[in-house]
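I opened the notebook today to look at how a ligand is held and at a few ring pairs. Here is what I looked up, in order.

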Amino acid sequence: MSVDLSTTYLGLTLANPVVASAGPLTREAESLKKLEAAGVGAAVMPSLFEEEVEHDEWQEHRLHVFGSDSFAEALDYFPEHAVPGDGPQAYLQRVREAKAAVSIPIIASLNGTSRGGWTAYARKIEEAGADALELNVYFMATDPNVTSAEVESRYVELVAEVRATIGIPLAVKIGPYFSSLPNIARQLVEAGANGLVLFNRFLQPDIDLESLSVEPRMTLSSDYEMRLPLRWIAILRSQLATSLAATSGVHDARSVAKLLLAGADVTMTTAALLQQGPQYAGKMIEDLRHWMVEHEYESVQQLKGSMSTENCPNPQAYERANYLRTLISYTGSEI
Ligand SMILES: Cc1cc2nc3c(=O)[nH]c(=O)nc-3n(C[C@H](O)[C@H](O)[C@H](O)COP(=O)(O)O)c2cc1C
């Protein structure tokens with residue numbers, strides 16, 4: 001039995017729903033070629049960060065005022081500080097190299113939290129040849145005077161600004177921590193997002209008990225983390241006519257199948273490819289094909305959303321009702 005693995009995401013046709021999400025393997029043309037050879041449907045490049053663009057602009061300004069009367073003043077105003085990353089020009093060059101090296105769709109990524117001049121890079125990324133743009137909004141609200149509505153407006157205004165800057169499709173990558181996720185998701189789509197990428201994994205800081213310093217710790221995901229995007233994609237699928245991508249905890253074909261059943265158009269993976277190597281994408285795709293043959297699915301299209309809240313026999317399993325049943329029926333046998 002032949003199986004059609006193709007899917008559409010952000011209006012692009014992808015050979016299959018296994019996408020390499022932003023991470024070290026999608027940075028350089030050489031590793032992108034390996035991912036393409038393994039069969040990924042598309043790749044999302046690591047982000048160009050708002051801080052990198054702003055740092056670059058400071059540097060330019062410093063050069064501009066060098067030798068002028070205001071040089072000393074400018075030094076005070078624009079203190080030297082290290083920003084990781086090699087800057088916007090190198091980023092645009094990598095997008096061009098990626099496009100020249102592979103023929104799978106290349107989705108570039110901008111990462112920031114506020115409106116401003118830096119978003120002009122969305123246009124430059126489009127001009128460099130990216131097929132689509134992912135906007136990662138990684139904002140931590142810590143000010144008690146800022147309301148949820150103000151935080152949401154910030155997201156929506158940023159998305160509208162980037163949308164107005166480019167003609168290519170725009171996906172927005174967000175975290176799960178909203179009081180009403182369906183509402184902000186709808187607002188983002190209305191502001192012009194063509195798709196949502198669910199979810200950002202926030203890196204949690206840790207305290208080193210010896211040096212008494214606070215360090216952000218990078219811990220790669222575990223496969224159970226895919227259940228958070230699974231729930232929300234199942235709920236949002238019937239509410240929004242937009243592309244949905246699942247990211248966080250996609251480690252094997254079983255997770256890919258589950259997320260497609262919930263309603264994802266694509267599934268994205270970083271940690272599994274870092275741990276197992278780029279060729280592992282090929283195994284995920286083949287395992288998905290086998291699972292579909294075994295379960296008599298002819299196409300990814302047929303699979304997509306067939307277990308969303310709208311289509312599954314017990315939609316309450318995605319909601320609060322199942323919480324009660326799960327807690328009460330827990331037998332403790334695993335203790
Ligand atoms: C080392 C590393 C670098 C990453 N860099 C980016 C990045 O530049 N931009 C971005 O949006 N996400 C970035 N991510 C997040 C991944 O794209 C992905 O959303 C996250 O790791 C969850 O997926 P996973 O469970 O498959 O790893 C990075 C993740 C890792 C592990």
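Entry 1, polar contacts. I started at Gly249, where a backbone N or O atom lies 2.7 Å from an oxygen atom of the ligand. I keep in mind that this is a predicted model. Next I asked how much of the ligand the protein buries. Taken alone, the ligand exposes 610 Å², and the protein buries 85% of that.

Then I went through two side chains. Ser47 places a polar side-chain atom 2.7 Å from a nitrogen atom of the ligand. For Lys173, I found a polar side-chain atom 2.9 Å from an oxygen atom of the ligand.

Entry 2, the shell. I counted 19 residues surrounding the ligand, and the closest are Ala22, Ser47, Asn136, Ser221 and Gly249. Which strand gives the most to this shell? My lookup returned β4, residues 42–49, with three residues. Sorting the shell by character gave me seven nonpolar, ten polar and two charged residues. I also checked the pockets: the space taken by the ligand is the largest pocket.

Entry 3, aromatic pairs. My search over the rings came to four aromatic pairs. One of them joins Tyr155 and Phe178, with 5.2 Å centre to centre and 75 degrees between the planes. An angle over 60 degrees counts as edge-to-face, and I filed this pair under that heading. What does the pair tie together? I located Tyr155 in helix α6 (residues 148–165) and Phe178 in the loop between β7 (170–174) and α7 (181–190), so the pair links parts that are 23 residues apart in sequence.

Conventions:
Residues numbered from 1 in each chain as written. Predicted model: local features only at pLDDT ≥ 70, side-chain atom pairs only at ≥ 80, totals over all residues. Heavy atoms only, no water. Near = heavy atom within 4 Å. Polar contact = N/O pair within 3.5 Å; in protein donor to acceptor, adjacent residues only side chain to side chain. Areas by Shrake-Rupley, 256 points an atom, 1.4 Å probe, with all protein chains shown as cover. 1 Å grid on protein atoms, 1.4 Å probe; cavity = no way out; pocket = protein on both sides within 12 Å on 5 of 7 lines; lining within 4 Å. Sits in = over half its atoms within 2 Å of the grid points. Helix = DSSP H or I, 4+ residues; strand = E, 2+ residues; numbered from the N terminus. Nonpolar A, V, L, I, M, F, W, Y, C, P; charged D, E, K, R; others polar. Phe/Tyr/Trp six-rings, centres within 6.5 Å; stacked < 30°, edge-to-face > 60°.
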